[in-house]
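Hi everyone, thanks for making time this morning. Let me put the model up on the screen, and then we can walk through it together.

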Amino acid sequence: MVLELEKRLGRSLRAVLKEKYDLEIGTIPLETPPDLRLGEIATPIAFELARKLRKAPKIIAQEIVTALGPVPGFVRFEVAGAGYINAYLDRAAAALLVVPAGSPPASERGHALVEHTSINPNKAAHIGHLRNAILGDTFVRLLRAAGYKVDVQNYIDNTGVQVADVVVGFLHLEKKSPSEVRALIAELARKGERIDFYCWDLYARTSQWYGEGTGEEKAERKQLRLDTLHLIEHGGNDTAEIADLISTAVLRRHLETMLRLDIEYDFLPRESEILHLKFWEAAFEKLKQSGVLYFENEGKNKGCWVMTRPGAETIEGTDDDAKVIVRSNGTVTYVGKDIAYHLWKFGLLGRDFGYKRFFTYPDHECWISAESGEPNHPRFGGATAIYNVIDARQSDPQANVIQALRGMGYTDQADHYTHFSYEMVALTPRCAVDLGYDISEEDKQKSYIEVSGRKGFGVKADDLIDKLIAATRAEVDTRQTSNDSAVRQKIAEQIAIGALRYFMLKVTRNSVIAFDFKDALSFEGETGPYIQYAVVRIRNIFRKGSTTPEAALAGLAKLAEQEQKASQQASESAGLQAGAAHSAISDYLTGEANEDIWSLWLRAGRRAQILEQCIGTSEPAYLAKHAFQLAQEFANFYHRHHILTEEDPARKTFLLATAAVTLRELVGALALLGIESPEAM
RNA sequence: GGGCGAGUAGCUCAAUCGGAUAGAGCACCGGCCUUCUAAGCCGGGGGUUGUGGGUUCGAUUCCCGCCUCGCCUACCA
């Protein structure tokens, strides 16, 4: 509603500026005034024009208002302050615009590909990975709600050093053969234990082992690590078999963990297929042809294929700062493989993966890459816009990939490549101590300490989820004495997940989250459960009142219809007094005592506006904030206006409709955040 | 050394493209459960927006200098 009216006002203002001053303004700046007494929409445009027109802003504002005339949906415009133009909505009409459920978006906005999660499959997921997956999954929901077709991908680096490290652990610390590893995986599964937790410890032990022993031993172990990596990359040997067993088993665990948070994927492209299907060779040719890559004959990168870094000044002679893509021994770096993969994402590589089914969700299948796949598979790749949810530390390599695409002439694709970057989740020193980690005096002074999978330092995702569910279950048990255990468990899980997802989403992407159990386990104030609680309260009103939100909204629509009829009749019979025919709905939304109600309706009408803001800035936090504010305004309304005891039937209808609209918007906003709305709390 | 990001209330964070009186939550203090659930509501104290300049009608926001912190800066992935 607000978005529509803003667009309408913008068009009217543009027309006035064109006609009166012969000015073409691209977009008129529109903002929300700090107080409802100053209207609902405002523009400071007169300030901008003051210099150009050599007039005081206040005078310009007045001229614009005079020239504006009536605009449908608005009751008046005022000049305020030093030259603001404040627009006042027709409140009853605006509310009636919010009542109908929004039509589903035309799914013609394009084909987006979102890559998120992408955890190395060699250990359990930790809280940093949760932030990634929750941000990515939420953004997928936003894009879909806005009308994009979205493919969700989770890139699996199953042949990298991290997997190699844990394989070294199995082979050389635990002396296990492939069949023994296979047996271990089966054994753990049978006992209901987590293989990714097992690997978490083994990975940390192996990392430590590399650094122990004599200098000679260290060198040997370093070589062992490298040899293991090469055996895995090459494939077709025992080492590679263990890598495949482990990475696949751990990957399954990651999918299970994420499913607890309602996070699903469509496709899992793996590094092994990018290697074996020779994506790089195809990309290498294109990179050479386009001149993005050149062979370095001099300097420190002599003998390598390199590319100029983004933003680098063109310099004469040797560019020692260039990014190495192919090493002098002929092997390709990570960025090189990533360029090839991204050419595939945009459908520019000329090669494709094979596809196999891997994991079944209730309503769809998740596919995984394969050298030779199944004949009938969905199509992936060839997107028009891509979003890579990757932490801020990787902005350099991401920029390199974009630079390469641009250099190859794919400027449109480069422009639609978004590094959806976010800051890491770290632990507060207090939290680290509570978890039993030994931390240095230096670290104790810091406000946060970076987690490290290599050191086994961090909070595992499943541990946190278990802990959250236990805490919410204890609380639910004290409140829901009449519900049975299964119902309580379901509620506890919904609240726990709501708390966790909201915790990760309420902070903007570029701020480091210093994790603390006290904050994460909080269910009061600006939290997911606070919003869920508002939903439950509204549902209770309808339950106690023996009616439904649908009936309430229909009731309001009927009320509006009757008023319109009455007003028409009045104008036909009484002529001049037509304008004076007053509307009850309008009365309910005006006056000092009703400002909170109007404020609630106004915010309920902002969904489309917030959604566009989130997508335009790749920032889900705005929606999280919106949902909280809506819940907060409802809580305020709830305490001031008692609905079920309202005696005036028309006003009761209106108050019920207010609750119904709020309910719909809260449930909708929570769903976009990936948070369920419980029936009871 | 270079690049990127950050510094806002005791703490954790917001603040739309440069706009009106810098806002929330937590913590703290004081009230409110015979009511549609107190996971809630109301009230209160709390700020030289790191610092010094500049740009202008207007700066938390943009520019320059300085201070502090984090990350990136491999022929690792």
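Let's begin at the RNA. Six elements each give at least two residues to the surface near RNA strand B: α2 (45–53), β3 (84–89), α13 (334–345), α18 (461–479), α21 (528–544) and α26 (621–640). By "near" I mean that a residue has a heavy atom within 4 Å of the strand, and the helices (H or I, at least four residues) and strands (E, at least two) are DSSP runs, numbered from the N terminus. Which helix gives the largest share of that surface? It is α26, with 8 residues.

Before going further, a word on what you are looking at. This is a predicted model, where local features need pLDDT of at least 70 and side-chain atom pairs count only at pLDDT 80 or more, while totals for chains, interfaces and linings use all residues. Residues are numbered from 1 along each chain as its sequence is written, chains are lettered from A and ligands numbered from 1 in the order in which they are written, and side-chain values use heavy atoms, with hydrogens and water left out.

Back to the RNA. In total, 67 residues surround strand B, and the closest are Tyr 84, Arg 327, Thr 508, Tyr 533 and Asn 540. Sorted by class, that surface holds 30 nonpolar, 17 polar and 20 charged residues. The classes here are nonpolar for Ala, Val, Leu, Ile, Met, Phe, Trp, Tyr, Cys and Pro, charged for Asp, Glu, Lys and Arg, and polar for the others, Gly among them. On the RNA side, sugar or phosphate accounts for 63% of the strand B atoms within 4 Å of the protein, and bases for the rest.

Now for some phosphate contacts. Arg 479 has a polar side-chain atom 2.6 Å from a phosphate oxygen of strand B, and for a polar side-chain atom of Tyr 530 the distance to a phosphate oxygen is 2.6 Å. Gly 525 uses its backbone instead, with an N or O atom 3.0 Å from a phosphate oxygen.

Let's step back to the whole chain. Chain A has 27 helices and 16 strands, and its C-alpha trace spans about 100 × 70 × 60 Å along the principal axes. The assignment, which is automatic or from a database, gives domain 1 (2–89), domain 2 (109–266), domain 3 (426–521) and domain 4 (528–672). Domains 2 and 3 have C-alpha centres 22 Å apart. Their contact (heavy atoms within 4.5 Å) takes 25 residues from domain 2 and 29 from domain 3.

Here are two residues I'd like you to find. Is Asn 122 buried or exposed? Asn 122 is buried, because its relative accessibility is 0%; buried means under 20% relative accessible area, exposed over 50%, and partly exposed in between, using a 1.4 Å probe and protein chains only. Asn 122 sits in the loop between β4 (111–115) and α5 (127–145), and its side chain reaches the backbone oxygen of Gln 162 at 2.9 Å. Lys 323, found in strand β9 (residues 323–326), is partly exposed at 23%. Beyond four places in sequence, its contacts include Trp 305, Val 335 and Asn 400.

Finally, confidence. The mean pLDDT, the predictor's per-residue confidence from 0 to 100, is 91 for chain A, with 97% of residues at 70 or more. Residues 577–581 fall below 50. Where pLDDT is low, the predicted coordinates should not be read in detail. The model scores ipTM 0.95 and pTM 0.95.

Key. A polar contact is a pair of N or O atoms within 3.5 Å; within protein, one must be able to donate a hydrogen and the other to accept it, and residues adjacent in sequence count only if both atoms are side-chain atoms.
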